[in-house]
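Visitor: Please take one part of this structure and go through it closely. I would like the contacts in plain terms, with distances where there are any.

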There are 2 protein chains.
Amino acid sequence: MNQKFFKLPQERQDLIRNSAMVEFGGGSFKKTSADSIAKRAGVSKGLLFHYFKDKREMYLYLFQYAIDECVEIFNRHILKNTYFKETDFFLILEKGQKVKMDMVRRHPGLFRFVMRAYYERDSVLTPKLRKKLDDVLAQTTDSFLARADLYKFKDGVDPRAVVRLLTLSAEGMLAETGAYTAEEIETLFLEYQKYAQMLRQNLYKEEYL
Amino acid sequence: MNQKFFKLPQERQDLIRNSAMVEFGGGSFKKTSADSIAKRAGVSKGLLFHYFKDKREMYLYLFQYAIDECVEIFNRHILKNTYFKETDFFLILEKGQKVKMDMVRRHPGLFRFVMRAYYERDSVLTPKLRKKLDDVLAQTTDSFLARADLYKFKDGVDPRAVVRLLTLSAEGMLAETGAYTAEEIETLFLEYQKYAQMLRQNLYKEEYL
DNA sequence: GGGGTCTTGACCGATTTGGTCAACGGCGGT
DNA sequence: ACCGCCGTTGACCAAATCGGTCAAGACCCC
């Protein structure tokens, strides 16, 4: 790909990347046209092919970029929690979800794109990229569980199941609406918090409520 | 649409309907080609346009059909529970989920199709059809909550939130994998049951465990 | 006004699109 | 054996869309 892309102002890079991720996230690789991406970004198709040699390269770059971006905000999140010595499961989770929502605000379509790219049949992704995502996902959960106070849970409660259940519900919400705007995200976040609170209230030992 | 379609053997009707729903469920109305539907069904494109006057008509018919089918299995489910006088929240939910899984087995792609059709921008759906789905969805939840023993829940637990949380997680699972085969469905079902059990164990008053 | 950079929009051949239609094949009746 | 019927096909159509190219414009600083 053309390195000049990175010399563009950040906003313009984001404009192009976000438009592309939204479009790719809305359909398969094949069914997503370069034209629709250009239109969404408000630039000419020619410009896209000026920076990316073809559709495939753009797609692969976006996936790589998306993962890197996830890793970065994830690390920032970790750092914050370490700094504030936050160790409560649901408080970390809440902050994590807030960070995630910020991400959706800055990069609408990123998560949808990543999920779609990962699960697409006839994937265009290299095995390496797939593995990279696997690793990131596994590590985030593990790292999260490692620094949370799991003893607060009642006996017999599997914290992994709690994380997974809440994550699934968040994905369900995202899949339902395909929320993009800040307000939509905020609404979803509030609903999510309700469920998290319900779980906290009932899965924690009484002395930790 | 051509009424002769209904004189076809049931299997063949299903073959065509299911193929169409799977394809429509995988992308937007515009991006889904009649050709791909025909190929999936293993019939010629000409045949499709012999039974449906155009793509739009086929789409609208499928949505109507999908809702009707949902209503039917829903009623069967109600009937069974009434017959067996089942009133436990989680037992009804479990059976309901089983019925749903059977549905996915008989009509792979139906739920994805309905969800996609409902949430698609530039919808091709008539407002009436949208409202019909709204009604069905609202009614199923209400009817379910009405016949379940809600007093078993601890004070302060909102049963509606429990239903919604579990439904969301199921949608999340479906969105993740786009599961189609019977085994995939079975795996998902088991995971779902795990979460339901966890909730039951912790949201019910102790005397009802 | 010259030189460089970002950007455009017209343009290409190839493919795919929704939709049509004449003709085929198999089968039941006679 | 021949007919008529009906579900079905695959070639075919004009139109749109596809990924990708490229010469020329727009804008800037020197």
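Guide: The model is predicted, and the part to start with is the protein surface around DNA strand D. Seventeen is the size of that set: of the 17 residues around the strand, A:A34, A:K45, A:K55, B:R12 and B:S44 come nearest. On the DNA side, 54% of the atoms of strand D that come within 4 Å of the protein belong to sugar and phosphate.

Three polar approaches to phosphate oxygens can be described one by one. In chain A, the backbone of A:A34 places an N or O atom 3.0 Å from a phosphate oxygen of DNA strand D. A:S33 uses its side chain instead, with a polar atom 3.3 Å from a phosphate oxygen of the strand. From chain B, a polar side-chain atom of B:Y51 lies 3.2 Å from a phosphate oxygen of DNA strand D.

In terms of secondary structure, two elements give two or more residues to this surface: α3 (45-51) of chain A and α3 (45-51) of chain B. The helix of chain B, α3(B), gives the most, with four residues. By class, the surface near DNA strand D comprises six nonpolar, six polar and five charged residues.

Both chains take part in the surface near the strand, and the contact between the chains themselves completes the picture. Chain A and chain B each put 31 residues into that contact. Together they bury about 3,000 Å², and carbon and sulfur atoms carry 57% of this area. Within chain B, the residues that lose the most area to chain A are B:K31, B:L165 and B:E176, which together make up 23% of what the chain B side buries.

The polar part of the interface of chain B and chain A can be counted in two ways. Four salt bridges are found across it, one of them between A:R164 and B:E191, where the closest N and O atoms are 2.7 Å apart. Six residue pairs are in polar contact across the interface, with both residues at pLDDT 80 or more.

On the side of chain B that touches chain A, at least two residues each come from α6 (110-119), α8 (159-177) and α9 (182-203) of chain B. Of the elements on that side, α8(B) gives the most, with 12 residues. The make-up of the side by class is 14 nonpolar, seven polar and 10 charged residues.

Technical notes
Residues are numbered from 1 along each chain as its sequence is written. Chains are lettered from A and ligands numbered from 1 in the order in which they are written. This is a predicted model: local features need pLDDT of at least 70, side-chain atom pairs count only at pLDDT 80 or more; totals for chains, interfaces and linings use all residues. Side-chain values use heavy atoms; hydrogens and water are left out. A residue is near a molecule or strand if one of its heavy atoms lies within 4 Å of it. A polar contact is a pair of N or O atoms within 3.5 Å; within protein, one must be able to donate a hydrogen and the other to accept it, and residues adjacent in sequence count only if both atoms are side-chain atoms. Ala, Val, Leu, Ile, Met, Phe, Trp, Tyr, Cys and Pro count as nonpolar, Asp, Glu, Lys and Arg as charged, and the others, Gly among them, as polar. Contact means heavy atoms within 4.5 Å. Buried area is the accessible area (1.4 Å probe) that two parts lose on being put together, summed over both. A salt bridge is a side-chain nitrogen of Lys or Arg within 4 Å of a carboxyl oxygen of Asp or Glu.
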